[in-house]
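Welcome! Please take a moment to look over the sequence and the model, and then let us walk through them together.

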Amino acid sequence: PHAALYLPRLYSLIGGSGFGDIGTPMVLLTQFLYGLPFVALAATVVRRALGPLPPAAWIQTAVLLALTANLFPRTDWGHLAYVLPPSAVQLFVLARGSSGPAGRLRLAPWAAFALVLVLGVGTVLAGRALHGSAGPPTFGPRVPQRPVSALFQHPSVPRVIRYLRERVRPDEAIFVARGEPLIYFATDTRNPTPFGGVFRGVRDKQESLILNALAEVRYVVMSEIDRPSAAYYRDELPAVQAHLERYFHIPGEFLGENISWLSVLERGRDRGPTALDLMGARTKARAWVRQRYGKMSPTSESPPKLGARQNRRPLPIVLGRWGGGVDFEIELPRNAVFQADVGLRLLAGMSALYEHPRRTRMAVSLGREGQFETLESRSVLYRSYEGRVWSPLEVDLSEYGGERVTLRLEAIPDAPLTLGTLAWWGSPRIALKPDAGDQ
């Protein structure tokens, strides 16, 4: 499903972000290139069956085999780039070894010359194409190069660099959460962690070191949308995600614009420690939809997984004709406060873009002994300009501390909806007031 992720890097740079329609010819070329190392190894076996190979051929075979093994478990273009040259050399060695003394003199030099000629001409043509597609230098005085990738030509990249350069001190520590070394260099800042990005399989060590480093950090650069193609950041490093939601916010300069891929998080007020993350408690909650005349019925339909946006993880709710919601059975701690965000219009899933229903009321209710009381509600998406940013919604629950209650998060539309419509809450949680974190 992500064939575009395995394209030659050059094609991705020229063609844009590499997530569009790539076409059959490029798919076939890509598969041919990935098959070439294995073709070369198979040809070696066949050639050996026909007769002995010189020692140099065995040395070359060992190199090829070692580099081919590097394609596992990550078969990306960066690893393939190392194994393609020895694959081509292997085929020349085999051809040279099977042509006799005269053939060795005729075939090998001309084949090598033809290869160099093709590569040289191709490099010149590729260079002209890259320069023609590149934009003007926009990354500040430390990076005078022209950006080639359409992704790096997006105005969000120079905006992030400019914003940080105006505020950070030379050699100040910032944290670039999605491994963008360009940002560190362009802003003359440093990485306070040993990680350039996320490394699978060492979560505990990464989270510990990153959380310690974040204590001295004023700015974090983060993907504005948590893209599923790279795995969700909240799944990779959940403790880091929770820390960012508690202590950091997105400055106004990066809010209210069209969907982007890079944004700045700035240290702000402490929103308090988490007593219960309702995102994690969703598996034990009761989801329901509202039908005609207000009738409620349970639903087993699982909502799609949505990517985080603007430093909030969406909790999606599948709606019926007249809305729906989810009920959590919880025991409230003392000095508790409900925190969430509502009203963001568009969110991305694994394979689709979803839109929140317009003219909807998002309500927080508390149930005790079967009786529900609406504590707070927020009407969202009633105007055309709404929906570009989350709207925070908080409810003080301290008077209910120590009680076991049903917390209901509900979406109530003004007009009937298509079945299966989604609404969402942004990072809903039960928090402790910052000054009551030790209780």
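What covers the buried residues of α6? Keep that question in mind while we set the scene. The model shown here is predicted, and its protein has 10 helices and 17 strands. Of the 439 residues, 43% count as buried. The accessible surface comes to about 22,700 Å², and carbon and sulfur atoms hold 58% of that area. Among contacts with a separation of 6 or more, 71% are accounted for by residues 24 or more positions apart.

**Helix α6 and its sheet**

Now back to the opening question. The cover over the buried residues of α6 includes α7 (181-186), β2 and β4. Helix α6 itself spans residues 156-165 and lies across β2 and β4, running at about 30° to β4. Eight of the 10 residues of α6 are buried, so the helix is largely enclosed by the rest of the structure. Those buried residues are S156, V157, P158, R159, V160, I161, Y163 and L164.

The two strands that α6 lies across, β2 and β4, belong to an open sheet of four strands with the order β1-β2-β4-β3 and mixed pairing. At the edges stand β1 (175-176) and β3 (248-249), each with a single partner strand, so one side of each is left without a neighbour in the sheet. Strands β2 (residues 219-222) and β4 (residues 263-267) run antiparallel and are joined by four bridges. You can find one of the pairings by looking at M222, whose bridge partner in β4 is S263.

**Strand β13 and its two partners**

Strands of a sheet pair through backbone hydrogen bonds, either parallel or antiparallel. For another example, look at β13 (residues 360-368), a mostly covered strand in which seven of nine residues are buried. Nine bridges join β13 to β14 (residues 371-380), and the two strands run antiparallel. Here M362 has R378 of β14 as its bridge partner. The hairpin of β13 and β14 has two residues between the strands, and E369 takes a positive phi near 55° in this hairpin.

Strand β13 also pairs with β16 (residues 404-413), in the antiparallel sense and over eight bridges. In this pairing, R361 has I412 of β16 as its bridge partner.

**A buried residue in β10**

Is V337 buried or exposed? With a relative accessible area of 8%, V337 is buried, because buried means under 20%. This residue is found in strand β10 (residues 336-342). Leaving aside residues up to four places away in sequence, V337 touches E394, V395, D396, L397, R429, I430 and A431. One of these contacts spans a long stretch of sequence: V337 and R429 are 92 residues apart in sequence and 8.4 Å apart in space, C-alpha to C-alpha.

**Salt bridges**

How many salt bridges does the structure hold? There are 19, and a few are gathered in this table.

| Pair | Closest N to O distance |
|---|---|
| R167 and E166 | 3.3 Å |
| D327 and R286 | 2.9 Å |
| R368 and E403 | 3.2 Å |

The D327 and R286 pair links distant parts of the chain, with D327 in strand β9 (residues 324-331) and R286 in strand β6 (residues 286-290), 41 residues apart. D327 is buried, with a relative accessible area of 5%, whereas R286 is partly exposed at 41%.

The R368 and E403 pair brings us back to β13. In the salt bridge between the side chains of R368 and E403, distant parts of the chain are linked: R368 sits in strand β13 and E403 in the loop between β15 (391-396) and β16, 35 residues apart. R368 counts as partly exposed at 35% relative accessibility, and E403 is partly exposed too, with a relative accessible area of 26%.

In the pair of R167 and E166, R167 is partly exposed at 32% relative accessible area, while E166 is exposed at 58%. Elsewhere, E245, D277 and R313 are linked in a network of salt bridges.

**A patch on the surface**

Which residues make the nonpolar surface patch of about 570 Å²? They are W110, F113, L117, V121 and L125. To place the patch on the model, look for F113 in helix α5 (residues 100-133).

Key
Residues numbered from 1 in each chain as written. Predicted model: local features only at pLDDT ≥ 70, side-chain atom pairs only at ≥ 80, totals over all residues. Heavy atoms only, no water. Buried < 20%, exposed > 50% of the residue type's maximum accessible area, 1.4 Å probe, protein only. Contact = heavy atoms within 4.5 Å. Areas by Shrake-Rupley, 256 points an atom, 1.4 Å probe, with all protein chains shown as cover. Patch = residues over 30% accessible without salt bridge, like charges linked within 9 Å, V, L, I, M, F, W, Y side chains within 5 Å. Salt bridge = Lys/Arg side-chain N within 4 Å of Asp/Glu carboxyl O. Pairing = 2+ DSSP bridges. Axes fitted to C-alpha atoms, helices over the stretch in contact; angles between N-to-C directions.
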